[in-house]
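Subject: The structure, and what turned up in it

Hi there,

Here is the structure I promised to send over. Please open it next to this message, and I will walk you through what I found.

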Amino acid sequence: MVYMILITMLFVDPSKHIYDAVIVEEYNNKPLIFKTQEECFEHVSMDIPALKEFATKQYPEGEASVKNINCVKRKFIDKIQRNI
């Protein structure tokens with residue numbers, strides 16, 4: 001299995017945004033993927049401030065905050081992206 005980081009967001013006005021998730025696909029121009037969920041969560045626990053900053057910058061109006069950070073199977077991410 002391959003795992004990736006998925007960050008769900010909380011909005012001041014949810015009606016202004018269609019998507020409430022940020023997929024972390026790369027870091028320093030390299031794919032950010034993990035062989036195990038444990039490896040992924042280990043990375044998340046070491047980089048929570050940077051991940052939160054990255055996610056909130058995706059919504060520059062300052063109306064979003066991080067709700068949750070998860071490590072999910074890449075197949076789930078692929079399914080989400082197909083539905084966008």
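Which residues in α1 are buried? They are C40, H43 and V44. These three sit on the same side of α1, because they cover an arc of only 100° around the axis. That fits a general rule: an α-helix has 3.6 residues a turn, so residues three or four places apart point the same way. Before going further, please keep in mind that this is a predicted model.

The other face of α1, turned away from the buried side, carries E38, E42, S45 and M46, which are exposed. As for what lies against the buried residues of this helix, they pack against β1, α2 and β5.

H43 deserves a moment of your time. This histidine belongs to helix α1, which spans residues 37–46. Why does H43 count as buried? Its relative accessibility is 16%, and the cut-off for buried is under 20%. Leaving aside residues up to four places away in sequence, H43 touches I5, L32 and F34.

H43 also helps to line the second largest pocket, together with V24, E26, Y27, L32, D47, A50, L51 and F54. So L32 appears twice here: as a contact of H43, and in the pocket lining. The volume of this pocket is about 160 Å³. Where does the largest share of its lining come from? The answer is α2, with three residues. At least two lining residues come from each of β3 (26–27) and α2 (48–57). Sorted by class, six of the lining residues are nonpolar, one is polar and two are charged.

Now to β1, one of the elements that the buried residues of α1 pack against. This strand covers residues 3–11 and is mostly covered itself, with seven of its nine residues buried. On one hand, β1 pairs with β5 (residues 64–73) in the antiparallel sense, over nine bridges. Within that pairing, T8 stands opposite N68 of β5. On the other hand, β1 runs antiparallel to β2 (residues 21–24), and four bridges join the two strands. There, I7 has V22 in β2 as its bridge partner.

If you want a place to start looking, try H43: it is a buried residue of α1 and part of the pocket lining.

Best wishes

Methods:
Residues numbered from 1 in each chain as written. Predicted model: local features only at pLDDT ≥ 70, side-chain atom pairs only at ≥ 80, totals over all residues. Heavy atoms only, no water. 1 Å grid on protein atoms, 1.4 Å probe; cavity = no way out; pocket = protein on both sides within 12 Å on 5 of 7 lines; lining within 4 Å. Points joined across faces, edges and corners; volume = space filled by probe spheres on them. Nonpolar A, V, L, I, M, F, W, Y, C, P; charged D, E, K, R; others polar. Buried < 20%, exposed > 50% of the residue type's maximum accessible area, 1.4 Å probe, protein only. Pairing = 2+ DSSP bridges. Contact = heavy atoms within 4.5 Å. Arc of directions from axis to C-beta.
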